[in-house]
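Colleague: Can you walk me through this one? I'd like to start with the ligands and then look at the helices.

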Amino acid sequence: MNGVGHLYVHLPFCAHRCGYCDFVTAVGRLEQHAAYVDALLRELDEERHVLSDDVETVFLGGGTPTFTALHELVRLLEALPAAEEVTVEANPETVTPELTRALRAAGVTRVSLGAQSFQPQLLRVLERGAQPDDVRRAFAQLRDAGFDNLSLDLIYGIPGQSVADLEADLAAALALEPEHLSCYELEAKPGTRFTVHHGDELARQAEAMEDYFERVVAVLTDAGYRWYETANFCRGDRRALHNLGYWLGRDYLGIGMGAVSTIGGERRRNTTKLARYLGGRYDREIEPLDEGTRARERLMLGLRLDGPLPIAGLEHALDPAGLARVEQLGLAERADDTLTLTERGRYLGGAVTATLLR
Ligand SMILES: C[S@@+](CC[C@H](N)C(=O)[O-])C[C@H]1O[C@@H](n2cnc3c(N)ncnc32)[C@H](O)[C@@H]1O
Ligand code: SF4
C-alpha cells in the first residue's frame, strides 16, 4: 500500500476527569469544541499527503469523543476519509438516539462503549458518570440505530471487586452480546488521584490479578469469544482492525492534542497543551526508531496476538538464552520462522516477552 492506512483522531473533552485516568483530556470547554475541530481539520489538511488513498481504519478516541458538541463531531466525521472501519469511543451517559443516528449517518461503523463495570459500587469507586442501566440503554440505542459492530470496555481489579463481582460483570457484558470486548486490569497510573488513594491496595492485590485474568479468559472463551489479543476478545473475526494495525507494527497517523504517530522510522507526539494545539503549535516530540527498536516493538506487540508471529528479520532482537529458557518452560514454541506463545505463556505475557528480548 502507498501511504499510511490508519488514522487516529484524538478528541480530549470529557464531562469529568475519572481519578484513574491519565489520558490526554480536558474537562468541559464547550466553548472550545468548534475551535478544536477546526484545529484538527487544519492538521489533517497538512498531513493528508502521508495517508493512503484507501485509508483502512479511522479511530476517534479520547477523552470522550461523544461528549464533543454533536454538530462539531458530525462536521469532523464528514471531513474524515472514508474507511472500512470507522470507530468512535463513547461513554454510556453521552449516548442518545440522536447521537447514534448521527454517527450512523456520518459513516461510523463501530462503537466502543466504556462500560468498565456493571456494579454501582464499583462504578462509584471509578468515579464513573454512568449507572449499569445507562450502559444497557446506550447499547440498545446503538443496536436500534443499526450498529452491528459494538465493543465494550471492562476494567477488572477495581478495589473491592471480588471474584464473584468480576463474574457478574462478565455475565452482564455477555448478556448484551457485543461483537468485541476489551478487558483491562486497572493500572495505577503515576500521578493520578486514584494512585494516591488506592495505589497501595492495587499493589497488594497484584498477585490475585493473575487469577482474575485467567477467569476473564476462561469465561469469555467458554462463551465462544476468540482471545485474539492479550486484553481483547471477539466473536468470529470481529477483531478491532484499527488496533490490529498497531499490534502488527503498521504505521499510523495520529492527529490532535497529545496524538502519537509512527511513520517511516519515526515516532512523534503532539503537544498535550490545548491552547498550543488550538493555535496550530504542535511542538512535536520526535523519536527516531532504529531497526533494533522497531524489531523489539514488533515482537512485544506481535506476541500479544494469538497465532504464530513471523520472526524472519527479527532474530537479532531475540536473546538466544532467553528463548531457550521460555521454550524449556513451555511458554513459547519456535517453528522454522515463527514464534508462538503457549496459553501459559500468554497469561504471563509481558514477563515472557521481557525474557525473550535482547
Ligand atoms: C481512552 S480510554 C477512555 C474511553 C472513554 N472516555 C471511557 O472512559 O469510557 C479507553 C479505555 O481505557 C481503559 N482505561 C483507562 N484508564 C485505565 C487504567 N488506569 N487502567 C486500566 N484501564 C484503563 C478503560 O477501559 C477505557 O474505556
Ligand atoms: S476514563 Fe474516559 S471519561 Fe474518564 S477521564 Fe479518562 S477519557 Fe475521560
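Modeller: The notes below cover the ligand sites, two backbone details and the helix packing.

Colleague: What are the ground rules?

Modeller: This is a predicted model, where local features need pLDDT of at least 70, side-chain atom pairs count only at pLDDT 80 or more, and totals for chains, interfaces and linings use all residues. Residues are numbered from 1 along each chain as its sequence is written, chains are lettered from A and ligands numbered from 1 in the order in which they are written, and side-chain values use heavy atoms, with hydrogens and water left out.

Colleague: How many residues surround ligand 1?

Modeller: There are 17, the closest being Gly63, Gln116, Arg128, Asp153 and Glu187. A residue counts as near if one of its heavy atoms lies within 4 Å of the molecule. By class, five are nonpolar, six polar and six charged. Here Ala, Val, Leu, Ile, Met, Phe, Trp, Tyr, Cys and Pro are nonpolar, Asp, Glu, Lys and Arg are charged, and the others, Gly among them, are polar.

Colleague: Which strands supply at least two residues each to that shell?

Modeller: Strands E6 (110-116), E7 (150-156) and E8 (180-185). Strands are DSSP E runs of at least two residues and helices are H or I runs of at least four, numbered from the N terminus.

Colleague: Which atom of ligand 1 is 2.8 Å from the Gly63 backbone?

Modeller: A nitrogen atom, and the partner on Gly63 is a polar backbone atom. A nitrogen of ligand 1 is also 3.0 Å from a polar backbone atom of Tyr20. On Asp153, a polar side-chain atom lies 2.5 Å from a ligand 1 oxygen. The protein covers 92% of the 560 Å² of accessible area (Shrake-Rupley, 1.4 Å probe) that ligand 1 has on its own.

Colleague: And what is around ligand 2?

Modeller: Its shell includes Cys14, Cys18, Cys21, Tyr20, Gly63 and Arg128. By class it divides into four nonpolar, five polar and two charged residues.

Colleague: Gly63 again. What kind of peptide bond joins Gly62 and Gly63?

Modeller: A cis one, with omega about 15°. Gly63 sits in the loop between strand E4 (57-62) and helix H2. Gln116, in strand E6, has a positive phi near 70° although it is not a glycine.

Colleague: Switching to helices: at what angle do H2 and H3 cross?

Modeller: Roughly 10°, and the axes of H2 (residues 70-79) and H3 (residues 97-105) come within 10 Å. That makes H2 roughly parallel to H3, a label for angles under 35 degrees. Axes are lines fitted to C-alpha atoms over the stretch in contact, with angles from 0 to 180 degrees between N-to-C directions.

Definitions and conventions:
A polar contact is a pair of N or O atoms within 3.5 Å; within protein, one must be able to donate a hydrogen and the other to accept it, and residues adjacent in sequence count only if both atoms are side-chain atoms. Angles under 35 degrees count as roughly parallel, over 145 as roughly antiparallel, 65 to 115 as roughly perpendicular and the rest as oblique.
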